[in-house]
Amino acid sequence: MIGRAHSLALMPSISTPILLCFHLLAATLWVGGMATFHFAVRPAAVETLEPPQRLRMLCGALGLFFRWVIAAIVLLLVTGLAMVQLAGGMGAMHWHVHAMLGIAVVMILIFGVVRWHHYPVLAEKVAASDWKAAAPALAGIRQLVFINLWLGVAVFVIAVVGRAL
């Protein structure tokens, strides 16, 4: 019985670093993926591919990336809320946790608009080889991803600096 009580007492101290690790991996996948796409993949595609090939490639890459983002969002929510619960609930949290959660909700909403509004338009226009309509659809996605990228960077900064303030 003493061993079981001891192991239960250690559970939060062991669980939190594991949850935090998965949380950070998911955040890195999402924010790092946006940075890679915005600063490397798209510029390289613009430099090396003609519009039809570029739009097909970027549409396909976004479709694959969005699946990973959905998984990352689920993991972020599950691990984040579990860590909050282990620490005593939202009432016990420092301001920076509230700020990160608020920004995360905005990011998820922006992602939802990108994934379920703009991306289907892009995919439809690419499938129809309507390159003149596909280009502005991709530009709209790029602008929203850029906003989400900087919101994600803000979350990383708040996560690191917020504890000290």
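**Figure 1. Burial and overall build of the protein.** In this predicted model, buried residues account for 32% of the 165 residues. Four helices and zero strands make up the secondary structure, giving the pattern α-α-α-α along the sequence. The radius of gyration is 20 Å, where a compact globule of 165 residues would come near 15 Å. Fittingly for a first look, the C-alpha atoms fill a box of roughly 70 × 35 × 25 Å along the principal axes.

**Figure 2. The pair F66 and F111, between helix α2 and helix α3.** Here the ring centres of F66 and F111 lie 5.5 Å apart with the planes at 80°, so this is an edge-to-face pair. F66 belongs to helix α2 (residues 51-86) and F111 to helix α3 (residues 95-127), so the pair ties together parts 45 residues apart in sequence. Both partners are worth a look for their cover: F66 is buried at 2% relative accessibility, and F111 is buried at 5%.

**Figure 3. The pair F146 and W150, within helix α4.** With ring centres 6.1 Å apart and planes at 80°, F146 and W150 also form an edge-to-face pair. The two sit four residues apart in helix α4 (residues 131-161), a separation of about one helical turn. F146 is partly exposed at 34% relative accessibility, and W150 is partly exposed at 43%.

**Figure 4. A cluster of aromatic rings.** Zooming out from the single pairs, the protein has seven aromatic pairs. Ring pairs join W30, F37, F65, F66, F111, W116 and Y119 into a cluster, so you will meet F66 and F111 again here, as the edge-to-face pair.

Key:
Residues are numbered from 1 along each chain as its sequence is written. This is a predicted model: local features need pLDDT of at least 70, side-chain atom pairs count only at pLDDT 80 or more; totals for chains, interfaces and linings use all residues. Side-chain values use heavy atoms; hydrogens and water are left out. The radius of gyration is taken over C-alpha atoms; the globule rule is 2.2 Å times the number of residues to the power 0.38. Buried means under 20% relative accessible area, exposed over 50%, partly exposed in between (1.4 Å probe, protein chains only). Rings of Phe, Tyr and Trp (its six-membered ring) pair if their centres lie within 6.5 Å; planes under 30 degrees apart count as stacked, over 60 as edge-to-face and the rest as tilted.
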